[in-house]
Amino acid sequence: MAKAAIIDGKQFAARLRMAIAAQVVQLKAEHGLTPGLAVVLVGEDPASQIYVRNKGLQVREAGMNSFEQRLPVTTTQAELLAHIADLNQDPAVNGILVQLPLPKQIDPEAVIAAIAVSKDVDGFHPLNAGLLAVGAAAMVPCTPLGCLMMLKEFAGPLAGQRAVVLGRSNIVGKPMAALLLREHCTVTLAHSRTRDLAEECRQADILIAAVGKAQMVKGDWIKPGATVIDVGINRIPTPDGKGRLVGDVDFDAAVEVAGAITPVPGGVGPMTIACLLLNTLTATCRQHGIPAPDVRPAAE
Ligand code: NDP
């Protein structure tokens, strides 16, 4: 059997960013609006600093305004909430993202709930989760949104396909399942208490792995020809001590069985940031009563 097609998330995300940038130009020309994203970083976690810097760069490259705010690790919850209240009121800020994880004195749920629903570009606010669950216009979390866009392009018509989502977190698994249901897939949401995970996976025309366990999904868990989206990011040790990033799927085995598969790195990751830009554009339009454009990646 032929090897799976590799879904190039890096290239797909670059095409999506081009399409977003074109819409930003149009929004400026027609309505005089420039979308603005505020990213708030509390503390000095090295990985978070890299994420925030990358987000800022890509926001500016798309022609949007980036407001990066760095607060000390000693920031209290009340101080952060006051800060968010200011951003909620600021008309130049259309999207607010508070980089997680937060220092231990701050409750992330209280912070997420304090962000204006219309500016919640991460889609983590409980009201946005509820809107998504009932099929209304929600801000959708970036990672599952990116996965869905890739599936629409690479998995053929989604209606009627059997989808298995591994992992039930609020930021990936649950919204992913809701999105696939909205696309008329038959959805199974599996997790650590699922009885026979391998057998559940073997039923999947579409398999989304979001568990955070290195190479857990084996080649013989995959239905021949299935589309596999690997959300996991795990660092495994290498002899040189530097380590290497792998997904939740045993890629080398899966690529022999699947019809199409995302690599790690270079699959879902780049799409997550591109979808953050998309959500900022969508939020800006909705806040001004302008229909949000249906942005698709630019043609190759
Ligand atoms: P969480 O830890 O919040 O959730 C993991 C889920 O996997 C839980 O529902 C858990 O089940 C389930 N799970 C854990 N172990 C097993 C197991 N052995 N068998 C079956 N299910 C299991 O993780 P996230 O959803 O936040 O992230 C998942 C992965 O995706 C991580 O590797 C993360 O780094 C990556 N990620 C990547 C992003 C990207 O942009 N590419 C963005 C976000 C996350 P239970 O609920 O029963 O405990």
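# A walk through the model

Start by selecting Glu 199, which is partly exposed at 34% relative accessibility. What you have on screen is a predicted model.

**Stop 1: around helix 8**

Keep Glu 199 selected and add Arg 202. Their side chains meet in a salt bridge, with 2.8 Å from N to O. Both residues belong to helix 8, which covers residues 197-202, and they sit 3 residues apart, about one turn of the helix. Is Arg 202 buried, exposed or partly exposed? Arg 202 is partly exposed, since its relative accessibility is 32% and the partly exposed class runs between 20% and 50%.

Now move on to Asp 205 and Lys 223. This is another salt bridge, and its closest N and O atoms are 2.7 Å apart. Asp 205 is in the loop between helix 8 and strand 7 (206-209), while Lys 223 is in the loop between strand 7 and strand 8 (227-230), so this pair ties together parts that are 18 residues apart in sequence. Both ends are partly exposed: Asp 205 has 22% relative accessibility, and Lys 223 has 31%.

**Stop 2: a small network**

Select Arg 60, Glu 68 and Arg 70 together. What links them? The three are joined in a network of salt bridges. Zoom in on the Arg 70 and Glu 68 part, where the closest N and O atoms are 3.4 Å apart. Arg 70 is partly exposed, with a relative accessible area of 45%, and Glu 68 is partly exposed too, at 31%. The count of salt bridges comes to 8.

**Stop 3: strand 4**

Next, show residues 95-98 as sticks: this is strand 4. Which of its faces are covered? Both are: Gly 95 and Leu 97 on one side, and Ile 96 and Val 98 on the other, are all buried. Bring in strand 2, residues 36-42, which pairs with strand 4 in the parallel sense over 4 bridges. If you want a spot to aim at, pick Ala 38, which stands opposite Ile 96 of strand 4.

**Stop 4: two cis bonds and two positive phi angles**

A bit of background for this stop: most residues other than glycine have a negative phi, and most peptide bonds are trans. Here are some exceptions to click on.

- Leu 100 and Pro 101 are joined by a cis peptide bond, with omega about 0 degrees. Pro 101 is in the loop between strand 4 and helix 4 (108-114).
- Val 264 to Pro 265 is also a cis peptide bond, with omega near 0 degrees. Look for Pro 265 in the loop between strand 11 (260-261) and helix 10 (268-287).
- His 184 is not a glycine, yet its phi is positive, about 70 degrees. You'll find His 184 in the loop between helix 7 (173-182) and strand 6 (186-190). His 184 is exposed, with a relative accessible area of 54%.
- Gln 215 has a positive phi near 50 degrees, and Gln 215 is a residue other than glycine. Its home is the loop between strand 7 and strand 8, and Gln 215 is partly exposed, at 24% relative accessibility.

**Stop 5: helix 9**

Click on Ala 253, which lies in helix 9 (residues 251-254). Ala 253 is partly exposed, with a relative accessible area of 26%. Now draw a distance from its C-alpha atom to that of Val 217. How far apart are the two atoms? They are separated by 9.4 Å, and the two residues are 36 residues apart along the chain.

**Last stop: zoom out**

Finally, show the whole protein and colour it by domain. Domain 1 takes in 33-117 and domain 2 takes in 141-268. The centres of domain 1 and domain 2 are 29 Å apart, taken over C-alpha atoms.

Switch to cartoon, and you're looking at 10 helices and 11 strands. The radius of gyration is 19 Å, close to the 19 Å that the globule rule gives for 300 residues, so the protein is as compact as a globular protein of that length. Turn it about and the C-alpha trace spans about 55 × 45 × 40 Å along its principal axes.

How much of the protein is buried? Of the 300 residues, 48% count as buried. Switch on the surface too: the accessible area comes to about 14,000 Å², and 55% of that belongs to carbon and sulfur atoms. As for contacts with a separation of 6 or more, 69% come from residues 24 or more positions apart.

Terms used
Residues are numbered from 1 along each chain as its sequence is written. This is a predicted model: local features need pLDDT of at least 70, side-chain atom pairs count only at pLDDT 80 or more; totals for chains, interfaces and linings use all residues. Side-chain values use heavy atoms; hydrogens and water are left out. Domain bounds come from an automatic or database domain assignment. Buried means under 20% relative accessible area, exposed over 50%, partly exposed in between (1.4 Å probe, protein chains only). Helices (H or I, at least four residues) and strands (E, at least two) are DSSP runs, numbered from the N terminus. Two strands pair if DSSP finds at least two bridges between them. The radius of gyration is taken over C-alpha atoms; the globule rule is 2.2 Å times the number of residues to the power 0.38. Contact means heavy atoms within 4.5 Å. Accessible areas come from the Shrake-Rupley method with a 1.4 Å probe; for residues, only the protein chains shown count as cover. A salt bridge is a side-chain nitrogen of Lys or Arg within 4 Å of a carboxyl oxygen of Asp or Glu.
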